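Please open the model in your viewer, show side chains as sticks, and keep the selection panel at hand. The stops below follow one another along the chain and then across the fold.

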Amino acid sequence: MDTKNIERLFGCIMERLDRQEQMLEDLRNNRPEQPANAPEATKLLNGERLYDNQDLCLMLQVSKRSLQRYRSIGILPYLMLRQKSYYKESDVEKFLSEHLDEINKDRVEAYKARIR
């Protein structure tokens, strides 16, 4: 066999391994492959809804920098999954109840209603 044939065979083997690795990852996550244009499903962790930065920014009408500040000072618990920040629904409700005193009670209830 010459070098070109060996490289072609290794290329085919690597492609197959990549496809199998992707299939195993999909099975591990219990999710079928979704088309690129499909809406993203609600993320859950142990049955509890997770919000990402964009979700929370829209809900609370704050910037990503504000969320980062809340995380940094420790008043908004978060999880890092694949280098992305997520917030558990219960933690967001607790944050709204305990740390947003400057917002009147009517607005806190409105924010909580958005979460549900």
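Begin by selecting Q61, just after helix α2, where this predicted model gives the residue a positive phi of about 55°.

From there, step back into α2 itself, which spans residues 53–60, and colour its residues by burial. Here N53, L56, C57, M59 and L60 are buried, and because they cover an arc of only 165° around the axis, they come to lie on the same side of α2. An α-helix has 3.6 residues a turn, so residues three or four places apart point the same way. Now turn the helix around and select Q54 and L58, which are exposed on the other side of α2.

Next, centre the view on C57, whose place is in α2. With a relative accessible area of 12%, C57 counts as buried, because this value is under the 20% cut-off. Which residues does C57 touch, leaving aside its neighbours within four places in sequence? Select V62, S63, K64 and L67, with each of which C57 is in contact. For L67, draw a distance between C-alpha atoms: the viewer should give 7.6 Å to C57, for two residues that are ten apart in sequence.

While cysteines are on display, add C12, which is partly exposed at 38% relative accessibility. If you look for disulfides, the count comes to zero, by the rule that a pair of cysteine sulfur atoms must lie within 2.5 Å.

Now move to the start of α2 and select D52 together with Q54. A side-chain oxygen of D52 reaches to within 3.3 Å of the backbone nitrogen of Q54.

Keep D52 selected and add K84. Side chains of opposite charge can pair when their charged atoms come close. The structure holds one salt bridge, and it is here that the side chains of K84 and D52 meet, at 3.4 Å from N to O. K84 belongs to strand β4 (residues 84–88) and D52 to strand β2 (residues 48–52), so the pair ties together parts that are 32 residues apart in sequence. Is each partner buried or exposed, or something in between? D52 is buried, at 9% relative accessibility, whereas K84 is partly exposed, with a relative accessible area of 32%.

To finish, show D52, Q54 and K84 in one view: the side chain of D52 takes part in the salt bridge with K84, and a side-chain oxygen of D52 also reaches the backbone nitrogen of Q54 at the start of α2.

Notes
Residues are numbered from 1 along each chain as its sequence is written. This is a predicted model: local features need pLDDT of at least 70, side-chain atom pairs count only at pLDDT 80 or more; totals for chains, interfaces and linings use all residues. Side-chain values use heavy atoms; hydrogens and water are left out. Helices (H or I, at least four residues) and strands (E, at least two) are DSSP runs, numbered from the N terminus. Buried means under 20% relative accessible area, exposed over 50%, partly exposed in between (1.4 Å probe, protein chains only). Contact means heavy atoms within 4.5 Å. A salt bridge is a side-chain nitrogen of Lys or Arg within 4 Å of a carboxyl oxygen of Asp or Glu. The arc is that of the directions from the helix axis to the C-beta atoms. A polar contact is a pair of N or O atoms within 3.5 Å; within protein, one must be able to donate a hydrogen and the other to accept it, and residues adjacent in sequence count only if both atoms are side-chain atoms.
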